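Here is a short briefing on one protein chain. Keep the structure open beside the text and find each part as you read.

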Amino acid sequence: MALILLVVMLIPVFGWATPAFAADYRCAEVDLLASVETDGSVQMTDQRIFDLTEEEGSHERLKWLYDGFIEGSEIAIDRVRMAPVDEAGALKTEWVELPETTFQLSWRGGGAPEHDAWAYDKFRHTLYAFVDAMPDRVMFEVDYRVENAIEAFDDAADFQWLYVPQDYDVALANVRAEVVLPVAADDLVKPMDNVYAWGHGPADGSVDIRSDGTIVFEDPGVEPSEYAKARVMFPVEWLTNLSEEAKLANQGSLQYYWTSRYEETWVDTDTSREVIRLGLAEGLLALSAVLLLGALFAWWRWGRERPPAFRDDYWMNPPVDALAPAVLGRLWRWNHESPDDLVATVLDMVRRGLLEVKDDALVIPSAGEGLSDEQVATEQDACPDEAVLDQATLRFLRTISTGGRTLTAAKLSALAHEHPRDFLEANAAWQRQLTALVEPYGFFDKASRRAQHIVLWAAAALALLGVAGIIWIGWRSGVLALLAAAATGVLGNYTTRRSPEGNDIAAHAKALRNWMRDGGWQIEGDRLTAEERAALIPYAYLFGVVKSLGVDEEADSLVALAPKLSKSLDEALRAAHKRAEVS
């Protein structure tokens with residue numbers, strides 16, 4: 001089982017499974033055109049090709065983010081139209097223009113108008129297109145205008161354009177953003193002299209300043225966790241129709257000198273950060289691989305059980321005569337706490353006469369009542385653990401019965417609701433007592449437990465690094481680290497084994513479970529006395545095979561009591577946990 005889980009977890013680690021992280025659609029191509037006007041506005045044309053499947057195309061909504069322009073700019077959408085295209089991007093039919101509709105806030109969560117339309121959420125700078133029966137491959141064209149998009153200084157005009165905002169829904173492939181400047185008729189474009197251009201974003205992006213006043217920014221791909229930004233500076237004299245307000249906004253400020261040096265420093269810093277980021281990503285992945293391999297080695301070394309001395313499939317006696325059922329329960333479930341151990345102990349105490357059941361109520365003896373001194377001494381000699389657990393169980397029952405002599409399901413529920421913390425503390429104290437009894441047996445291999453603790457701590461540390469990686473390095477490496485941490489945790493969970501003695505007892509317990517479950521109780525049960533059969537009921541409850549047993553006069557009451565007691569205790573514990581969290 002551990003090996004199967006490991007293989008499942010390793011599939012995305014060593015071979016990135018893109019379908020598992022695929023979005024509802026893909027954006028195969030982005031072609032953007034920004035024509036700078038002489039009044040400082042920019043006319044935009046946004047063409048994008050989307051790939052959708054037939055199932056997704058039945059009713060779809062697409063989103064565009066138009067954010068990152070300078071403060072005071074205003075966006076006005078002029079037109080949104082669509083047309084199906086072939087694999088080469090050529091139109092198959094004529095353009096279909098979508099009508100505008102008023103945006104509703106409810107549409108942010110997934111709503112849509114009753115007809116095909118587009119709407120602009122101006123508060124979040126998001127354009128939505130709602131289309132029924134979308135083609136499998138479709139091109140959308142959006143025409144919009146950005147007023148006051150250019151910042152004018154004494155010596156230069158500054159255009160900043162976040163043409164791919166961060167946190168877009170899907171990755172964008174083949175992104176091309178073109179800026180066309182209003183070059184004066186009597187002037188020339190001198191790259192990085194009177195016209196400057198810088199690009200920020202993916203490391204494989206490029207910038208090309210052409211002599212005709214066109215600047216082209218290209219990015220082979222932009223992931224949702226990335227962004228792409230253009231910044232262009234050109235002579236402010238080219239903005240011949242700039243308003244007086246725009247001219248005076250930054251009067252007295254020179255931009256060419258300081259901005260060019262600032263951008264060069266930014267580019268150098270971005271490059272250094274990218275190198276550091278890639279190094280950290282590689283280091284995180286290498287660490288993930290090392291920890292995962294270490295966890296695999298630990299599982300191979302300590303996680304596999306030793307062959308037990310007892311090999312039979314069936315056994316009809318208690319696994320160990322002097323072992324309390326609750327102690328065996330901890331061995332059975334790898335020392336994990338469970339209310340089943342308390343229920344099994346109460347059943348055993350009822351069998352031995354320390355507790356009684358009358359009218360669906362558990363009768364609790366007061367101090368000094370119960371077995372005689374001679375009987376107690378006999379019980380302590382036969383099974384010292386039972387004597388200790390008996391006292392701990394009586395203390396627990398007297399606490400939750402609030403001093404009464406009887407305990408009913410209603411009384412148990414009332415205490416869980418009215419005094420949840422007292423109830424939970426009493427249960428925790430009982431479990432601590434059981435833990436103290438289990439530890440001296442050394443049921444579990446100490447070296448394997450140490451290895452398990454180390455592996456689980458390593459998994460937790462790697463998970464924290466994975467979260468940090470998503471935030472500061474990149475979502476791919478971070479998610480891969482989280483997957484490796486999950487796989488390491490799975491291996492750590494199985495990196496422990498029982499001691500030879502514990503494994504032999506567990507083998508007897510499994511054989512007893514098989515004997516009860518597979519009908520041996522009915523076939524060979526007459527070989528046991530009624531008292532011996534009753535003694536096996538707590539074990540049958542721990543193994544979850546009570547329903548498989550036949551009943552007899554002495555065991556019948558225990559078989560009937562087990563599910564009632566289990567249900568009442570489980571419901572009370574859930575109620576107490578819930579009430580304690582609320583309070």
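**Helix H14**

H14 is mostly covered, with eleven of its 14 residues buried. This is a predicted model.

- The buried residues of H14 include Arg 533, Ala 534, Ala 535 and Leu 536. Ile 537, Pro 538, Tyr 539 and Ala 540 are also among them. So are Tyr 541, Leu 542 and Phe 543.
- Helix H14 runs over residues 530–543. At 1.5 Å a residue, its 14 residues should span 20 Å. The end C-alpha atoms are 20 Å apart, which agrees.
- Where does H14 have a kink? The kink lies at Ile 537 and comes to about 30 degrees. The proline Pro 538 follows shortly after.
- Gly 544 comes just after H14 and takes a positive phi of about 75 degrees.

**The whole chain**

- The protein chain has 15 helices and 18 strands.
- Of its 583 residues, 46% are buried.
- Consider contacts between residues at least 6 apart in sequence. Of these, 74% join residues at least 24 apart.

**The four-stranded sheet**

- Four strands form an open sheet, in the order E9-E10-E15-E12. Their pairing is antiparallel.
- Which strands stand at the edges? They are strand E9 (150–152) and strand E12 (196–200). Each has a single partner strand, so one side of each is left without a neighbour in the sheet.
- From one strand to the next, the twist averages 15 degrees.
- Strand E10 covers residues 156–164. E9 and E10 pair in the antiparallel sense over three bridges.
- Within this part of the model, Ala 152 stands opposite Ala 157 in E10.

**Val 164, a residue of E10**

- Val 164 lies in strand E10.
- Is Val 164 buried or exposed? Its relative accessibility is 3%, so Val 164 counts as buried. The cut-off for buried is under 20%.
- Which residues does Val 164 contact, leaving aside neighbours within four places in sequence? They are Leu 172, Val 175, Val 222, Tyr 227 and Ala 228.
- Val 164 and Ala 177 are 13 residues apart in sequence. In space they are 9.5 Å apart, C-alpha to C-alpha.

**The hairpin of E13 and E14**

- Strand E13 spans residues 206–209, and strand E14 spans residues 214–222. The two pair in the antiparallel sense over four bridges.
- Val 207 stands opposite Phe 217 in E14.
- How many residues lie between E13 and E14 in their hairpin? There are four. Gly 213 sits in the turn, with a positive phi of about 90 degrees.

**The three-stranded sheet**

- Three strands form an open sheet in the order E16-E17-E18, with antiparallel pairing.
- E16 and strand E18 (406–407) stand at the edges. Each has a single partner strand, so one side of each has no neighbour in the sheet.
- E17 and E18 run antiparallel and are joined by two bridges.
- Val 363 stands opposite Thr 406 in E18.

**Asp 360, in a loop**

- Find Asp 360 in the loop between strand E16 (356–358) and strand E17 (361–363).
- Its relative accessibility is 60%, so Asp 360 counts as exposed. The cut-off for exposed is over 50%.
- Not counting residues up to four places away in sequence, Asp 360 touches Thr 408 and Lys 564.
- The side chains of Asp 360 and Lys 564 are joined by a polar contact of 3.4 Å.
- Asp 360 and Leu 407 are 47 residues apart in sequence. Their C-alpha atoms are 8.9 Å apart in space.

**Two asparagines with positive phi**

- Most residues other than glycine have a negative phi.
- Asn 148 is not a glycine, yet its phi is positive, at about 55 degrees. Asn 148 is found in the loop between strand E8 (137–147) and E9.
- With 45% relative accessibility, Asn 148 counts as partly exposed.
- Asn 335 also is not a glycine and has a positive phi, of about 70 degrees. Its place is the loop between helix H4 (325–332) and helix H5 (339–351).

Methods. Residues are numbered from 1 along each chain as its sequence is written. This is a predicted model: local features need pLDDT of at least 70, side-chain atom pairs count only at pLDDT 80 or more; totals for chains, interfaces and linings use all residues. Side-chain values use heavy atoms; hydrogens and water are left out. The expected span of a helix is 1.5 Å times one less than its number of residues. The bend at a residue is the angle between axes fitted to the seven residues ending there and the seven starting there. Buried means under 20% relative accessible area, exposed over 50%, partly exposed in between (1.4 Å probe, protein chains only). Two strands pair if DSSP finds at least two bridges between them. Axes are lines fitted to C-alpha atoms, for helices over the stretch in contact, and angles run from 0 to 180 degrees between N-to-C directions. Contact means heavy atoms within 4.5 Å. A polar contact is a pair of N or O atoms within 3.5 Å; within protein, one must be able to donate a hydrogen and the other to accept it, and residues adjacent in sequence count only if both atoms are side-chain atoms.
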